[in-house]
Amino acid sequence: MIDFETLEKGTVIGSHTVQVNRADLVRYAGASGDFNPIHWNERFAKEVELPSVIAHGMFTMGSVIDLVSTWVGNPGAVIDYQTRFTKPVVVEDPEGSNPSEAEGTSIFVEGKVGALDSEKRTARIDLAVTANDSKVLLKCQAVVQL
Amino acid sequence: MGINPELVGRVFPANQSYQVGREKIREFAQAIKATSPAHFDVQAAKELGYSDVVAPPTFAIIVAQRADAQLIADPASGIDFSRVVHADQRFTHHRPIVAGDELVAELHVDQVREMGAGAMITTRAEIATVDGEKVATAISSLLVRAED
């Protein structure tokens, strides 16, 4: 368990890399019910002026919170979670690769204590999330009850 | 013109309930590459004090997007789904969602803002159990891109 008293603003809670390939997007589409073709059909994505197939914003948001859930040891302790989607996470389909085994795009996340509320015993964890050398989530913040 | 500004303040009452299944939580958790044992293992969830496996913090999007679908499907809304981009998302959990919950969502249209030739629409899904216990609030902002 995390001891609230030992936390300080700016403390890094950890970092993690999530790999996402085309097969992962199909799996997320099925699990979430979001079948927008921009997440699995390259022709359609390009016709609506996207560079290629892009990850669901909710895939990215969903995948990076695991860092916080595992740090606190209880996913139910995340009482508030928000983000702004700034840039799409493009997921390419490299020539000659098996879409299920392709390395895909790397999403890098680092979490830091952004604020502490000693009365409510909550910590706000700020997540810095990058992919393809760009910030893809902005103001990505989770409040955990400790 | 696209989105109807008179949508602000509209409320779409809860319709069909959503039954949260244990396998659905596992499937969703696996799809977002979550690793917390409480998403998968009933015993691990019970050790944390929950009655069954715990949904990941973004699981409520399933229920919220079903509620949003009512709005998008309404011909009066003027929203072309193929031009929708997710701009912002927030979840406030009054308590975690666990397997066995039966949830309903009431959808509120909180804001419609012109953005250049397009528009930004902010919706709020108030998610509760069928017995009226508040579970989560999901606020979504969708950017509807203008047609060329």
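A cavity, as I use the word here, is a set of points on a 1 Å grid over the protein atoms alone where a 1.4 Å probe fits but cannot get out, and its lining residues have an atom within 4 Å of a point. What I am showing is a predicted model, in which local features need pLDDT of at least 70 and side-chain atom pairs count only at pLDDT 80 or more, while totals for chains, interfaces and linings use all residues. Residues are numbered from 1 along each chain as its sequence is written, chains are lettered from A in the order in which they are written, and side-chain values use heavy atoms, with hydrogens and water left out.

A search of the whole structure finds one cavity of 30 Å³ or more, and the volume of the largest cavity, taken as the space filled by probe spheres set on grid points joined across faces, edges and corners, is about 50 Å³. Its lining draws on both chains, with P75(A), G76(A) and V78(A) on one side and, among others, H93(B) and I97(B) on the other.

Turning to the interface, 35 residues of chain A are in contact, meaning heavy atoms within 4.5 Å, with 32 residues of chain B. The two chains bury about 2900 Å² between them, 53% of it on carbon and sulfur atoms, where buried area is the accessible area (1.4 Å probe) lost on being put together, summed over both. In chain A, the residues that lose the most area to chain B are A31(A), M58(A) and P75(A), and P75(A) also lines the cavity.

Finally, there are three salt bridges between the chains, each a side-chain nitrogen of Lys or Arg within 4 Å of a carboxyl oxygen of Asp or Glu; R90(B) and D80(A) meet in a salt bridge at 3.0 Å, N to O.

Definitions and conventions: On a 1 Å grid over the protein atoms alone, a cavity is a set of points where a 1.4 Å probe fits but cannot get out, and a pocket is an open set with protein on both sides within 12 Å along at least five of seven lines; lining residues have an atom within 4 Å of a point.
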